[in-house]
Amino acid sequence: DPLDDEQASLELDPEKENSLMIRIYDDVVAGKIPGKIVSDLRQPDRLAAEDYLRTFYRLGQKGQDSGRSVIGGFKKGIFEIGTYREMHLSAYMYGLNGTEFFLLNVVGSVQQ
């Protein structure tokens, strides 16, 4: 399972994860337009968000047993509903489906 294999080697910056990704998710939930959220990010933040979420996209590209991987991701807390980790699932699914990665699409996909 790529999530098992890659999870151990993910070198995610917890500070970035806990501030930048939460801020982006909170902006989406607050009703801000995803395109405006992405365009308002400072370049270093946009690149950090892209790199961070692209990790999950690449895991999706490697995914073979999608049902098992997604359920395992929820059980391990990699994917969650109602938190910024919805973007993890979105990026993973874009990779699984072979769709090109765009930060805007991932951010927009969690809009309610």
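## Core, helices and side-chain pairs

In this predicted model, the largest nonpolar core has 28 residues, and those with the most contacts inside it are Met21, Ile24, Leu53 and Met87. At least two residues of this core come from each of α2 (14–29), α3 (34–40), α4 (43–62), α6 (86–97) and α7 (103–109). The most is given by α4, with 7 residues.

Met87 can be followed in more detail. Leaving aside residues up to four places away in sequence, Met87 touches Met21, Ile24, Tyr25, Leu53, Val106, Val107 and Val110. Met21, Ile24 and Leu53 thus appear both among the partners of Met87 and, with Met87, among the residues with the most contacts inside the core.

### Overall make-up

The chain has 7 helices and 0 strands. Along the sequence the pattern reads α-α-α-α-α-α-α. Of the 112 residues, 42% count as buried. The chain exposes about 6,300 Å², and carbon and sulfur atoms supply 48% of that area. When contacts between residues at least 6 apart in sequence are taken, 71% of them join residues at least 24 apart.

### Helix α6

What span should the 12 residues of α6 have at 1.5 Å a residue? The expected value is 16 Å, and the end C-alpha atoms of α6 are 16 Å apart, so the two agree. The expected span is 1.5 Å times one less than the number of residues, which is why the last residue adds no further step.

The buried residues of α6 are Glu86, Met87, His88, Leu89, Ser90, Ala91, Tyr92 and Gly95. Two of them return elsewhere in this report: Met87 through its core contacts and Tyr92 through an aromatic pair with Phe79. After α6 comes Gly98, whose phi is positive, near 75 degrees.

### Salt bridges

Side chains of opposite charge can pair when their charged atoms come close. The count of salt bridges comes to 6. Among them are the three in the table.

| Salt bridge | N to O distance |
|---|---|
| Arg23 and Asp45 | 3.2 Å |
| Arg42 and Asp45 | 3.3 Å |
| Glu80 and Arg85 | 3.5 Å |

Arg23 and Asp45 meet in a salt bridge, and this pair links distant parts of the chain: Arg23 is in helix α2 and Asp45 in helix α4, 22 residues apart. Asp45 also meets Arg42, and Arg23, Arg42 and Asp45 are linked in a network of salt bridges.

Are the members of this network buried or exposed? Asp45 has a relative accessible area of 15%, and because buried means under 20%, Asp45 is buried. Arg23, at 40% relative accessibility, counts as partly exposed. Arg42 is at 54%, and because exposed means over 50%, Arg42 counts as exposed. The network therefore holds one residue from each class: Asp45 buried, Arg23 partly exposed and Arg42 exposed.

In the salt bridge between Glu80 and Arg85, Glu80 is partly exposed with a relative accessible area of 27%. Arg85 is also partly exposed, with a relative accessible area of 22%.

### Aromatic pairs

The structure holds 4 aromatic pairs. One of them joins Tyr57 and Phe101, which are edge-to-face at 5.4 Å centre to centre, with 65 degrees between the planes. Tyr57 lies in helix α4 and Phe101 in the loop between α6 and α7, so the pair ties together parts that are 44 residues apart in sequence. Tyr57 and Phe101 are both buried.

Phe79 and Tyr92 form a tilted pair, 5.4 Å centre to centre, with 55 degrees between the planes. This pair also links distant parts of the chain: Phe79 is in the loop between α5 (66–75) and α6, while Tyr92 is in helix α6, 13 residues apart. Phe79 counts as buried at 1% relative accessibility, and Tyr92 is buried with a relative accessible area of 0%. Together with Phe74, these two residues, Phe79 and Tyr92, form one aromatic cluster.

Note on methods
Residues are numbered from 1 along each chain as its sequence is written. This is a predicted model: local features need pLDDT of at least 70, side-chain atom pairs count only at pLDDT 80 or more; totals for chains, interfaces and linings use all residues. Side-chain values use heavy atoms; hydrogens and water are left out. A nonpolar core is a set of buried Ala, Val, Leu, Ile, Met, Phe, Trp, Tyr and Cys residues joined through side-chain atoms within 4.5 Å. Buried means under 20% relative accessible area, exposed over 50%, partly exposed in between (1.4 Å probe, protein chains only). Helices (H or I, at least four residues) and strands (E, at least two) are DSSP runs, numbered from the N terminus. Contact means heavy atoms within 4.5 Å. A salt bridge is a side-chain nitrogen of Lys or Arg within 4 Å of a carboxyl oxygen of Asp or Glu. Rings of Phe, Tyr and Trp (its six-membered ring) pair if their centres lie within 6.5 Å; planes under 30 degrees apart count as stacked, over 60 as edge-to-face and the rest as tilted. Accessible areas come from the Shrake-Rupley method with a 1.4 Å probe; for residues, only the protein chains shown count as cover.
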